[in-house]
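Here is a short, friendly walk through one protein chain. Please keep the viewer open as you read, and follow along residue by residue.

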Amino acid sequence: MAQVTYGPCASCVSFLLLPTVGVAYDTYQKKLSSDTKKAGLHNGAPGFKFIKFPSVFKTLEFDKEECLNREGVDIELQIEFQYRARPQKLRDIIMEFKDHDNYVKMIKFLARASIQDACSQFNTSEFQTRRSYFQELVYTIMEKRFTSVNADITDLQVSNIKRPSEYETVVRNKESAKENIEIARNQRPRALIEANTAKEEAVTQGLINVQKATSDSKVILSKAEAEASSILAALEAEAEAYASITRSQGLTVDGLLSYLGVRVLADNNNTVNIGFPPPAKPFA
């Protein structure tokens, strides 16, 4: 901050401490010297004072500085840089801004305007993807504007860029979705191989089942045909035997049936119950 030191009236001298420079001001005649004095002991008119400015670069920091980007999103920035009033232009600076306090107010105003200007040229994602370019653009704009007030700038750093929490959440979700998509893409060939393998196994098992069913059906059919042939042969032999008996014995159909009945009873080892109709009742 600028300090005003009045020289002692008796000796008419004033001392500039490091690291400062100053321009002598006659408080009685209201005149400003044209020379910039460096640190040391200096003589002057009775009642003069020095309007002082730092001779070295000073740091200005903007913490939680908000700006609107090209998409209208609030961006919170932390920016710091070093500035210095040009000593050779100190008289002109004092004539325009009076003292260091007013000068710093203008420096801050120009710095904020430069930050807002640079911020409006970037969309939300570019603050991360083009961060170095954003820092360079802020420096370029600020350097150009500081020239109008005879100030030098150096060591500008954008130490933090904070986007809205809602946007950060969306970005994280988007990145998570991208990762999931990439994982799915990497797993897709393996899943296809597994699916094709399962399909081939199912097709092979189906062919095996068809072949087994075909073979089993052939076995069952062969057994059925053999059994049918055996039954048919037995029936044919029995029919031939009965035909032979009928011819040799001269039996009629009723006689053959009676013969068969006798044979059935003879071959049966169990008790056989036979019911006869009751005898006819004589008429009274």
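The report below covers the backbone, a covered strand, a pocket and the salt bridges.

**Before we start**

Please bear in mind that this is a predicted model. Residue numbers begin at 1 along the chain.

**Backbone points to look at**

A good place to begin is the peptide bond from Leu18 to Pro19, which is cis, with omega near -10 degrees. Pro19 sits in the loop between strand S2 (13-16) and strand S3 (20-26).

Next, which residue in the loop between S3 and strand S4 (31-32) deserves a look? Lys30 is found there, and this lysine has a positive phi of about 55 degrees although it is not a glycine. Lys30 is also exposed, at a relative accessible area of 58%.

Further along the chain, Lys98 has a positive phi of about 75 degrees, and again it is not a glycine. The loop that holds Lys98 lies between helix H1 (90-97) and helix H2 (100-119). Lys98 counts as exposed, with 58% relative accessibility. Keep Lys98 in mind, since this residue returns in the lining of the largest pocket.

**A strand covered on both faces**

Now turn to strand S6, residues 48-54. How many of its seven residues are buried? The count is seven of seven, so the 20% limit on relative accessible area for a buried residue is met throughout S6. One side of S6 carries Phe48, Phe50, Lys52 and Pro54, while Lys49, Ile51 and Phe53 are on the other, and all of them are buried. Two lysines, Lys49 and Lys52, are thus included among these buried residues, one on each side.

Which way do S3 and S6 run relative to each other, parallel or antiparallel? They are antiparallel, and seven bridges join them. Within this pairing, Val23 has Ile51 of S6 as its bridge partner.

**The largest pocket**

Ile51 also helps to line the largest pocket. The space in this pocket comes to about 190 Å³. Eleven residues line the pocket, and those nearest its centre are Tyr25, Lys49, Ile51, Ile94 and Lys98. Lys49 and Ile51, then, are both on the list of buried residues on one side of S6 and on the list of residues nearest the pocket centre.

Which elements each supply at least two residues of the lining? They are S4, S6 and H1. What is the make-up of the lining by class? There are six nonpolar and five charged residues, and no polar ones.

**Salt bridges**

As general background, side chains of opposite charge can pair when their charged atoms come close. The structure holds six salt bridges. Three pairs are set out here, with the N to O distance for each.

| Pair | Distance, N to O |
|---|---|
| Glu65 and Arg112 | 3.2 Å |
| Arg84 and Asp152 | 3.8 Å |
| Arg86 and Asp152 | 2.8 Å |

Take Glu65 and Arg112, whose side chains meet in a salt bridge. This pair links distant parts of the chain, with Glu65 in strand S7 (residues 58-68) and Arg112 in helix H2, 47 residues apart. Are the two partners buried or exposed? Glu65 counts as buried at 10% relative accessibility, whereas Arg112 is partly exposed at 38%.

Asp152 appears in two of the table rows, with Arg84 and with Arg86. In the salt bridge between Asp152 and Arg84, Asp152 lies in strand S9 (residues 151-162) and Arg84 in strand S8, so the pair ties together parts 68 residues apart in sequence. Asp152 is partly exposed, with a relative accessible area of 23%, and Arg84 is partly exposed with a value of 23%.

The side chains of Arg86 and Asp152 also meet in a salt bridge. Arg86 lies in the loop between S8 and H1 and Asp152 in strand S9, so this pair ties together parts that are 66 residues apart in sequence. Strand S8 spans residues 74-85. Arg86 is buried, at 19% relative accessible area. Leaving aside residues up to four places away in sequence, Arg86 touches Ile93, Thr147, Asn150, Ala151 and Asp152.

Finally, Arg70, Glu126 and Arg130 are linked in a network of salt bridges.

How values were computed. This is a predicted model: local features need pLDDT of at least 70, side-chain atom pairs count only at pLDDT 80 or more; totals for chains, interfaces and linings use all residues. Side-chain values use heavy atoms; hydrogens and water are left out. Helices (H or I, at least four residues) and strands (E, at least two) are DSSP runs, numbered from the N terminus. Buried means under 20% relative accessible area, exposed over 50%, partly exposed in between (1.4 Å probe, protein chains only). Two strands pair if DSSP finds at least two bridges between them. Contact means heavy atoms within 4.5 Å. On a 1 Å grid over the protein atoms alone, a cavity is a set of points where a 1.4 Å probe fits but cannot get out, and a pocket is an open set with protein on both sides within 12 Å along at least five of seven lines; lining residues have an atom within 4 Å of a point. Grid points are joined across faces, edges and corners, and a volume is the space filled by probe spheres set on the points. Ala, Val, Leu, Ile, Met, Phe, Trp, Tyr, Cys and Pro count as nonpolar, Asp, Glu, Lys and Arg as charged, and the others, Gly among them, as polar. A salt bridge is a side-chain nitrogen of Lys or Arg within 4 Å of a carboxyl oxygen of Asp or Glu.
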